[in-house]
Amino acid sequence: MIRIAAVGDVHVDKDVVGRYRPALEQLPDRADALLVAGDLTRHGTVEEAGCFAKEFGGLAVPVVVVLGNHDHQSDLQDDVAKVLTDAGITVLECSATVLEIKGHRLGVAGAKGFGGGFAGACASNFGEREMKDFVGTTEDISARLGEALRSVECDALVALTHYSPVPETLVGEPLEIYPFLGCYQLGQAIDSAPTALALHGHAHHGSERGRTPGGVPVRNVAHPVIKQAYNVYQLLSDAVDMELAHA
Ligand SMILES: [Fe+2]
């Protein structure tokens, strides 16, 4: 059994440092790895990245993250990623990593993702150059996430994004903003590989549980949704229907 702790949208700045640390210090007793689903900072500054690294770095379990839209706000996403990497945190962007955990290989493929909407209510790659650029970004990121997922050789595969791959975990948000919270192409990417679990954030007012059209369990781990420092999900357990257990 592999235990995965996950949270997103922690939006760390100076005033947040210390808020998560007591729970994070207990991670080794509760989980084998921590995945963070983007919006690590408020405005994507190097200083805020340093605060995140201080709060989430140096833990006794591996920490894997993707960036969110907030982490791009200052156009310093590469600098932000370097601060995190220097602190021993793995940053994924249309890429994957494999963690050796208790004799099992946990594969994590991650991408920020992008908006675009869902079946029957989505932007299409048509018309103005600006619209084609928007949807082109959606399609490009999703295709590269799919490639990353399919490239991993592991015993349990997790997809980590900031934007949502399904509309179910957005329930609670205004319908009008669904196209800015996720896209169906991410769900297609997740379904193109033997993904066991998909984690995302971004939708602070959404719902925790959903499922891709292909049946992959999806969990919105945005901090305002899970209302605790992290949730813990179990993979490769004997639980009936691979249901994901909470700690
Ligand atoms: Fe976000």
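1. A useful place to begin is A37, which stands opposite V66 in strand 3. The model is a predicted one, and what follows should be read with that in mind. The pair belongs to the contact between strand 2 (residues 33-37) and strand 3 (residues 63-66), two strands that run parallel and are joined by four bridges.

2. Strand 2 and strand 3 are part of an open sheet of five strands, whose order is 4-3-2-1-13 and whose pairing is mixed. Strand 4 (90-91) and strand 13 (231-235) stand at the edges with a single partner strand each, so that one side of each is left without a neighbour in the sheet. Across strand 1 (2-7), strand 2 and strand 3 lies helix 3 (residues 46-56), and the direction of this helix makes about 155° with strand 2.

3. A further open sheet is built from six strands in the order 5-6-9-10-12-11, again with mixed pairing. Its edge strands are strand 5 and strand 11, each of which pairs on one side only. From one strand to the next, the twist in this sheet averages 25°. Helix 5 packs on the sheet, where it touches strand 5, strand 6 and strand 9, and its direction makes about 170° with that of strand 6.

4. Within the six-stranded sheet, strand 6 deserves a closer look. Seven bridges pair it with strand 5 in the antiparallel sense, and T97 stands opposite V108 of strand 6 in this pairing. Strand 6 is also joined to strand 9, to which it runs parallel, by six bridges, with G110 standing opposite L160 in strand 9. Strand 6 is mostly covered, since six of its eight residues are buried.

5. At the other end of the strand order, strand 11 and strand 12 run antiparallel and are joined by three bridges. The bridge partner of G210 in strand 12 is V218. The loop between strand 11 (209-211) and strand 12 (217-220) holds V216, a residue that is buried, with a relative accessible area of 6%. What does V216 contact, leaving aside its neighbours within four places in sequence? The residues in contact with V216 are I190, D191, T195, A196, L197, A198, G210 and R211. V216 also lies 8.7 Å from P194, C-alpha to C-alpha, although the two are 22 residues apart in sequence.

6. Two residues call for a check of their backbone angles. Most residues other than glycine have a negative phi. K102, however, has a positive phi near 50° and is not a glycine. K102 is found in the loop between strand 5 (95-101) and strand 6 (104-111), and these two strands form a hairpin with two residues between them, K102 being in the turn. H202 likewise has a positive phi, of about 80°, without being a glycine, and its place is in the loop between strand 10 and strand 11.

7. Are K102 and H202 buried or exposed? K102 counts as exposed because its relative accessibility is 53%, where the cut-off for exposed is over 50%. H202 counts as buried because its relative accessibility is 12%, where the cut-off for buried is under 20%.

8. Helix 6 (184-191) has buried residues at Q185, L186, G187, A189 and I190. What covers these buried residues includes helix 5, strand 9 (156-161) and strand 10 (197-200). One of them, I190, has already appeared among the contacts of V216.

9. The last point concerns internal space. Rolling a probe the size of a water molecule over the atoms shows where empty space is left. A search of the whole structure finds one cavity of 30 Å³ or more, and the volume of the largest cavity is about 30 Å³. Which residues line the largest cavity? Its lining consists of G116, C122, A123, V135, T138, Y184 and Q185, which divide into four nonpolar, three polar and no charged residues. Helix 5 (129-151) and helix 6 each supply at least two residues of this lining. Q185 therefore appears in two of these points, being a buried residue of helix 6 as well as a lining residue of the largest cavity.

Note on methods:
Residues are numbered from 1 along each chain as its sequence is written. This is a predicted model: local features need pLDDT of at least 70, side-chain atom pairs count only at pLDDT 80 or more; totals for chains, interfaces and linings use all residues. Side-chain values use heavy atoms; hydrogens and water are left out. On a 1 Å grid over the protein atoms alone, a cavity is a set of points where a 1.4 Å probe fits but cannot get out, and a pocket is an open set with protein on both sides within 12 Å along at least five of seven lines; lining residues have an atom within 4 Å of a point. Grid points are joined across faces, edges and corners, and a volume is the space filled by probe spheres set on the points. Ala, Val, Leu, Ile, Met, Phe, Trp, Tyr, Cys and Pro count as nonpolar, Asp, Glu, Lys and Arg as charged, and the others, Gly among them, as polar. Two strands pair if DSSP finds at least two bridges between them. Contact means heavy atoms within 4.5 Å. Axes are lines fitted to C-alpha atoms, for helices over the stretch in contact, and angles run from 0 to 180 degrees between N-to-C directions. Buried means under 20% relative accessible area, exposed over 50%, partly exposed in between (1.4 Å probe, protein chains only).
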